[in-house]
Amino acid sequence: MDIQILEILQRMETKINGIEIKINAMETKINGMESDIKGLKEGQERIERKLESVHEQVERTAEDVTSIKRDLTNIEMITAKNWYDIATLKAVSRL
């Protein structure tokens, strides 16, 4: 009976040792995953900062484009008036 109990205990010890090895391997993998996640978070933060910078640049560019469109509209109106004035001067000079 004592021999059977001893054999059972030895098998249990062997299984427990196997479980400990697996747990240690899992801990190593988890530590590696934690390191990877930290790297991903840092990368995400860099991307977010760059995205904010690009967004600000796009906003400034949009404002510039709007300003250029306004200026172009003014130029078109002034050009149209100039053409009208030229046509008026030509008509007057023909009289």
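Helices, in the sense used here, are DSSP runs of H or I with at least four residues, numbered from the N terminus. In this predicted model, the place of D64 is in helix α1, and the chain as a whole has one helix and zero strands.

**Overall form**

The C-alpha trace of the chain spans about 135 × 15 × 10 Å along its principal axes. A compact globule of 95 residues would have a radius of gyration near 12 Å, whereas the value for this chain is 40 Å. Buried residues account for 1% of the 95 residues, and the accessible surface of the chain comes to about 9,300 Å², with 62% of that area belonging to carbon and sulfur atoms. The separation of D85 and T66 gives a further view of the chain, since these residues stand 19 residues apart in sequence and 29 Å apart in space, taken from C-alpha to C-alpha.

**Charge and the salt bridge**

The chain carries 15 positive and 18 negative side chains, and the centres of the two sets lie 10 Å apart. Side chains of opposite charge can pair when their charged atoms come close. With a salt bridge counted when a side-chain nitrogen of Lys or Arg is within 4 Å of a carboxyl oxygen of Asp or Glu, the count comes to one salt bridge. That salt bridge joins D85 to K81, with the closest N and O atoms 3.1 Å apart. D85 and K81 both lie in helix α1, which covers residues 2-94, and they are four residues apart, about one turn of the helix.

**Surface patches**

Negative charge gathers in a patch on the surface made of E42, E45, E48, E52, E56, E59, E63 and D64. A nonpolar patch on the surface is formed by M1, I5, I8, L9, M12 and I16, which together have about 600 Å² of accessible area. L9, one of the residues of this nonpolar patch, lies in helix α1.

**Exposure of three residues**

The table sets out relative accessible areas for a residue from each of these features.

| Residue | Exposure class | Relative accessible area |
|---|---|---|
| D64 | partly exposed | 48% |
| L9 | partly exposed | 48% |
| D85 | partly exposed | 29% |

Residues count as buried under 20% relative accessible area and as exposed over 50%, with partly exposed in between. D85 is therefore classed as partly exposed, because its relative accessible area is 29%. D64 is likewise partly exposed, because its relative accessible area is 48%, and the value of 48% for L9 places L9 in the partly exposed class as well. Patches take residues with over 30% relative accessible area and no salt bridge, a cut-off to be read beside the value of 48% for D64 and the value of 48% for L9.

Key: Residues numbered from 1 in each chain as written. Predicted model: local features only at pLDDT ≥ 70, side-chain atom pairs only at ≥ 80, totals over all residues. Heavy atoms only, no water. Helix = DSSP H or I, 4+ residues; strand = E, 2+ residues; numbered from the N terminus. Rg over C-alpha atoms; globule rule 2.2 N^0.38 Å. Buried < 20%, exposed > 50% of the residue type's maximum accessible area, 1.4 Å probe, protein only. Areas by Shrake-Rupley, 256 points an atom, 1.4 Å probe, with all protein chains shown as cover. Lys, Arg positive; Asp, Glu negative; His and termini not counted. Charge placed at Lys NZ, Arg CZ, Asp CG, Glu CD. Patch = residues over 30% accessible without salt bridge, like charges linked within 9 Å, V, L, I, M, F, W, Y side chains within 5 Å.
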